Amino acid sequence: MRIVCRHGHYAFYPFTSTELSRFCSKYDLVLEPEEDYYTFPELIDADRYSLAAKPWLGSLPATKTFEGRHAWDVMRANDFVFSLTTKLVVPKLSIVGVYDNPLTGYYWRAVTLLPQAGYRDLKGQQILSFDAMHDVGLTETRIVSVGYE
Amino acid sequence: MSKTLPATCAAGIVTALGVPIDADILSEGVGSSEGVVILDDEDATYIPKTSGDLDTTLDKLINALTQVKVALDETKSGLQTLAGKNYLIAATAGVPDPAASTSWVSNITNLGAASTAVASLKTELQTLKSQLK
């Protein structure tokens, strides 16, 4: 299954339906369909726009008035990321952590199920996006690329 | 892609969904108004609904024309009454009432035409008001 994190917005692209059900069952996750991917229920139907000072996704006041094509466009504009711990949208600077998984070949191997967007790499840069492949059989996530915005 | 939200504007401050927005205002923005704000990327543009202003203006024009027509009709009626009153007989004891002068008749006719024109304009404005888009 492909997992794409775009500025803290997580989207899951299963190749088969059983892959998705096994993934959710194994990690006790609930994912819901939206557009052509699955995501966390808390991110479903997120507004594609934000008004400065008005809470976005019901919790955090937006910092900018902005309209985008996708929810992650709004998250990028407002410097928000989705917290895997609280299941809430939070400011990216509130995420504290270092992503120190080892490079294996041409990819990183994640020890945790999902990397938290906003963790920093060993150079101190905040990783806000990544593209990964998850093997349900091997219980392994291979992060193919990362992004800093 | 863009997003349109209902909005209001008062004293140059645009408000949508309860929060003030830094938006370009496509009107004078002085009087209070209702309208929409269009969000497109980082741009926000407020467009007021001006049909309400036009509706009010038409109402005032129609009322003014009604009063003008009443005044014209009363003036015309007064002149016609005066023309047949023989008031000069009473005033000068026996001097016959002069025939209405050509200019007097013309004035009465003009007043009638003006009244008709005002009535016609009023009807047109009422039609326009009923068909505001």
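Two strands are taken as paired if DSSP finds at least two bridges between them, and with that rule in mind, select Thr4(B), which stands opposite Ile38(B) in β5(B). The model on the screen is predicted, and the predictor gives the complex an ipTM of 0.76 and a pTM of 0.72. For chain B the average pLDDT is 83, with 83% of the residues scoring at least 70.

**The sheet of chain B**

From that pair, widen the selection to the strands that carry it: β1(B) and β5(B) run antiparallel and are joined by seven bridges. Now show the whole sheet, which in chain B is open, has six strands in the order β3-β2-β1-β5-β6-β4, and is mixed in its pairing. At the edges stand β3 and β4 (24–25) of chain B, each of which has a single partner strand, so one side of each is left without a neighbour in the sheet.

Next, step from β5(B) to strand β6, residues 43–48 of chain B, where the two strands pair in the antiparallel sense over six bridges. To find a position along this pairing, select Val36(B), whose bridge partner in β6(B) is Ile47(B).

Returning to β1(B), follow the chain into strand β2, residues 13–16 of chain B, which runs antiparallel to β1(B) and is joined to it by four bridges. Here Cys9(B) has Val14(B) in β2(B) as its bridge partner. The connection between β1(B) and β2(B) is a hairpin with two residues between the strands, and in its turn Ala11(B) has a positive phi of about 55 degrees.

**The contact with chain A**

Now bring chain A into view and select the residues in contact, of which 14 come from chain B and 10 from chain A. Between them the two chains bury about 1,000 Å², with 66% of this area on carbon and sulfur atoms.

Which side chains meet in a salt bridge? Select Lys64(A) and Glu42(B), where the N to O distance is 2.9 Å; the rule finds one salt bridge across this interface. The count of residue pairs in polar contact between chain B and chain A, with both residues at pLDDT 80 or more, is two.

Colour the side of chain B that touches chain A by element, and the ones giving two or more residues are β1 (3–10), β3 (19–21) and β5 (33–40) of chain B. The largest share, three residues, comes from β3(B), which is also one of the edge strands of the sheet. Recoloured by class, this side of chain B shows nine nonpolar, one polar and four charged residues.

Key: Residues are numbered from 1 along each chain as its sequence is written. Chains are lettered from A and ligands numbered from 1 in the order in which they are written. Side-chain values use heavy atoms; hydrogens and water are left out. Contact means heavy atoms within 4.5 Å. Buried area is the accessible area (1.4 Å probe) that two parts lose on being put together, summed over both. A salt bridge is a side-chain nitrogen of Lys or Arg within 4 Å of a carboxyl oxygen of Asp or Glu. A polar contact is a pair of N or O atoms within 3.5 Å; within protein, one must be able to donate a hydrogen and the other to accept it, and residues adjacent in sequence count only if both atoms are side-chain atoms. Ala, Val, Leu, Ile, Met, Phe, Trp, Tyr, Cys and Pro count as nonpolar, Asp, Glu, Lys and Arg as charged, and the others, Gly among them, as polar. pLDDT is the predictor's confidence in each residue, from 0 to 100.
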